[in-house]
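This report describes selected local features of the protein chain shown below. It moves from a loop to a helix, then to a group of aromatic residues and their surroundings.

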Amino acid sequence: MSLKKINTALAAAFILFILWFGMEFILSPGATAPTFGLPSWPSGDGGGFLIIKGIRDVVLALVLGILLVTGHRRALGWALLVEASAAYGDMTTVLAHHGSVATALGVHGLTATLMVVNGLLIMRETRKIAAAPMTPAPQPA
């Protein structure tokens, strides 16, 4: 299997994971919230923030999906690098609010790090393709 296919499959897996997780927060925020890692959740009208988190994740996944489907590999690599900051931000939020360290590092931190690694691999892959010299087609004598 080529590096490009592996990177594409990994990017697609991230996109589907982020999309699924975001939809869970939109459709059933109360049931999904405990898996985020924070010790307590907003009550009353504050629960709307959980849906905002879900919408953010869905939008992040859609941006990545569009770049993957349209073949904008270098932009996909950059977007993965930038969007990893959302997962690092989630990790930091969980740790700062005395939430589950295991969830902060094992879910948010690991996801962010894998996104960075995949983004860098895609960037490396596209750099090699762009740097490849064009050989002229053989000309008839």
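## A loop residue with positive phi

His98 is located in the loop that joins helix 4 to helix 5 (101-131). The model is predicted, and in it the phi angle of His98 is near 60 degrees, a positive value in a residue that is not glycine. Most residues other than glycine have a negative phi. The relative accessible area of His98 is 68%, so this residue counts as exposed.

## Confidence of the model

Across the protein chain the mean pLDDT is 87, and 92% of the residues reach 70 or more. Confidence is highest in helix 4 (residues 73-96), with a mean of 95, and lowest in helix 2 (residues 29-32), with a mean of 81.

## Helix 3 and its end

Helix 3 (residues 48-70) contains 23 residues, and at 1.5 Å a residue it should span 33 Å. Its end C-alpha atoms are 33 Å apart, in agreement with that expectation. The buried residues of this helix include several leucines, namely Leu50, Leu60, Leu64, Leu67 and Leu68. Lys53 and Asp57 are also among the buried residues of helix 3, as are Gly54 and Gly65.

Gly71 follows just after helix 3 and adopts a positive phi of about 80 degrees.

## The aromatic cluster

How many aromatic pairs does the structure hold? There are five aromatic pairs. One of them is formed by Phe17 and Phe21, which are stacked, with 6.0 Å from centre to centre and 20 degrees between the planes. These two residues are four residues apart in helix 1 (residues 3-27), and therefore about one helical turn separates them. Phe17 is partly exposed, with a relative accessible area of 34%, whereas Phe21 is buried at 12%.

Phe21 also pairs with Phe25, in this case edge-to-face, with 5.2 Å between the centres and 65 degrees between the planes. Phe21 and Phe25 both belong to helix 1 and are again four residues apart, about one turn of the helix. Phe25 is buried, with a relative accessible area of 1%. Through ring pairs, Phe17, Trp20, Phe21, Phe25 and Phe36 are linked into a cluster.

## Lys53 over the face of Phe25

Which residue lies over the face of Phe25? Lys53 occupies that position, at 5.0 Å from the ring centre. Lys53 is part of helix 3, and its relative accessible area of 13% places it among the buried residues. Lys53 and Phe25 are 28 residues apart along the chain, yet their C-alpha atoms are separated by 7.0 Å.

Residues up to four places away in sequence aside, Lys53 touches Phe21, Phe25, Phe36 and Asp90. Three of these residues, Phe21, Phe25 and Phe36, are members of the aromatic cluster.

## The surroundings of Asp90

Asp90 lies in helix 4, the helix with the highest confidence in the protein chain. Is Asp90 buried or exposed? Asp90 is buried, with a relative accessible area of 10%.

When neighbours within four places in sequence are left aside, Asp90 is in contact with Phe36, Lys53, Arg56 and His108. Phe36 thus appears in the contacts of Asp90 and in those of Lys53. Lys53 and Asp90 are also in contact with each other, and both are buried, Lys53 at 13% and Asp90 at 10%.

Note on methods:
Residues numbered from 1 in each chain as written. Predicted model: local features only at pLDDT ≥ 70, side-chain atom pairs only at ≥ 80, totals over all residues. Heavy atoms only, no water. pLDDT = per-residue confidence, 0-100. Buried < 20%, exposed > 50% of the residue type's maximum accessible area, 1.4 Å probe, protein only. Expected span 1.5 Å × (residues − 1). Phe/Tyr/Trp six-rings, centres within 6.5 Å; stacked < 30°, edge-to-face > 60°. Lys NZ or Arg CZ within 6 Å of the ring centre and 35° of its normal. Contact = heavy atoms within 4.5 Å.
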